[in-house]
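Hi,

Here is the structure I promised to pass on. Have a look first, and my notes are underneath.

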Amino acid sequence: MEKIKVSIIGAGFSGLAASAVLAKAGFDVTIFEKNSSPGGRARKFAENGFTFDMGPSWYWMPDVFEKFFGIFGKSSQDYYRLQRLDPSYRFYFGKDSIVDVPASLNKIVDIFEAEEKGAGAELIKFLKEAEYKYKVSMSKFVYKPGLSIFEFAHPEMLASVFKLHMFRSFDSHLKQHFKSTRLRQMLEFPVLFLGGTAKSTPALYSLMNYGDIELGTWYPEGGMYKVVEGMVELATSLGVKFRYNCPVESLEIKEGKITSLKASGQIYKSAYVLASADYQYVDQNLVPSGYRSYSEKYWNSRVLSPSSLIFFLGINKKLEGIEHHTLFFDQDLAKHAQTIYGNPGWPENPSLYFSCTSKTDPTVAPEGMENLFVLIPVAPGIEDTEETREKYFRIILERFKLMTGQDISENIVFKRSYAHSDFENDYHAFKGNAYGLANTLLQTAFLKPKMRSKKLSNLFYTGQLTVPGPGVPPALISGEIAAKLIIKDAGVRI
């Protein structure tokens, strides 16, 4: 019997995850990737002996990865080795105000208590609530396709809504537990970097703090791209075919269905198409106007997560004062967030994030040197020029010198920048966004763009602009959900 053909647009995490699930179920799966390598935003590049992960650098929620590989009777250990970071990360609140967040919960409790009397006990309480949210969300909410509100309309789930703090802001939830601004910033930073302000994000997302503090911050030896390589190896072993440097150019439609797609000048017939590429781009550019799920006005009204200005730097000496993950919160974090979500523009005094994987992994930089990834979250859709990039590069050098006492301006032997225009060129990213939709209440679950096309019966979507949301673990989950929708639609038993 001939296998059912599925074409997947894009080899990011969601596309890779979906391809493996579909291939295991017996489908004939081909992934079309416009770039020369898989991974999407999680690609890597190497230059002058330095190896850089181009996008995701945080390995959180290890249980999601294990659950995914478990579908195939595998474990992450079959593809890469994990190392738990200790400290998990470092904060600079000022030149002489440094907080390292250890892997031990008891030690973190001590740090909170030393900062604010009673805050240690409050942290335990906060994390208990976060654990409940995490476990309920992962077991009852996150793996649902979000096609209808009725997916959530049964007594057990409705009863948990208020305990999940869906209608309370993350900001008010933190203030209920902690008076110290520093402690609140230590807990809210994942929200800023993954799509929202603490005031606009539901307190549900404190589940991320459980995923961070209790489940740990990890590093796949060799870099985050090792996860991509593992997923490609898995997919290939199941029969998935990859076509690189093969952008999809158009979709052929007949009687409300896609019959084939055109990629790099060739026609490929397909029973199903799954878009793991940028949802907005596919909907507005590849789908003919009469078959689009959403209008241009709809997309422009979406609240996007940040874009990023990134610098990849090769340093010809060892660095002091920073860890594998380091955050500079010595400036006003709320003002920076306002320039992303309130009055979009370039921040005057940005918060900074540094990833120095050579602190953990000697294979990613020449001996005696460091690879340094520097990121500034910025508003999507703003003007990105070389002059602006250079302005912020100088700010980074000045702040690094001020905080750590090291002038690295003469020690940079490799430099590459990456921002809005690169996200647009490489990934067709809507307004140059880096992560997807912001995690606001009105963009949660069934209120996100739907996984299933409204007008084309065999077109489905997956990835960061649909459920469950931005981040690597959600992308894995998104791919699995979308694949199961196709399997169900095709009437295939698994």
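Below is what turned up on the sheet, one helix and one serine.

Keep in mind that this is a predicted model.

Let's start with the sheet. Five strands make an open sheet, running β9-β2-β1-β13-β19, with parallel pairing. The edges are taken by β9 (241-243) and β19 (459-461); each has a single partner strand, so one side of each has no neighbour in the sheet. On average, neighbouring strands here are turned by 20 degrees against each other, direction ignored. Strand β2 (residues 28-32) pairs with β9 over three bridges in the parallel sense, and Thr-30 sits opposite Lys-241 in β9. Packed on the sheet is helix α1 (residues 13-24), which touches β1 (5-9), β2, β9 and β13 (272-275). The direction of α1 makes about 165 degrees with that of β2.

Next, helix α9 (residues 225-237). With 13 residues at 1.5 Å a residue, α9 should span 18 Å, and its end C-alpha atoms are indeed 18 Å apart, so the two agree. Buried residues in α9 include Tyr-225, Val-228, Met-231 and Leu-234. Just after α9, Gly-239 has a positive phi of about 100 degrees.

Last one: Ser-307, in strand β14 (residues 307-315). Is Ser-307 buried or exposed? Its relative accessible area is 0%, so Ser-307 counts as buried, the cut-off being under 20%. The Ser-307 side chain reaches the backbone oxygen of Gly-432 at 2.6 Å. Ser-307 also touches residues further away in sequence, among them Ile-376, Pro-377, His-420, Phe-423 and Asn-433.

Cheers

Methods:
Residues are numbered from 1 along each chain as its sequence is written. This is a predicted model: local features need pLDDT of at least 70, side-chain atom pairs count only at pLDDT 80 or more; totals for chains, interfaces and linings use all residues. Side-chain values use heavy atoms; hydrogens and water are left out. Helices (H or I, at least four residues) and strands (E, at least two) are DSSP runs, numbered from the N terminus. The expected span of a helix is 1.5 Å times one less than its number of residues. Buried means under 20% relative accessible area, exposed over 50%, partly exposed in between (1.4 Å probe, protein chains only). A polar contact is a pair of N or O atoms within 3.5 Å; within protein, one must be able to donate a hydrogen and the other to accept it, and residues adjacent in sequence count only if both atoms are side-chain atoms. Contact means heavy atoms within 4.5 Å. Two strands pair if DSSP finds at least two bridges between them. Axes are lines fitted to C-alpha atoms, for helices over the stretch in contact, and angles run from 0 to 180 degrees between N-to-C directions. Lists of a residue's contacts leave out its neighbours within four places in sequence.
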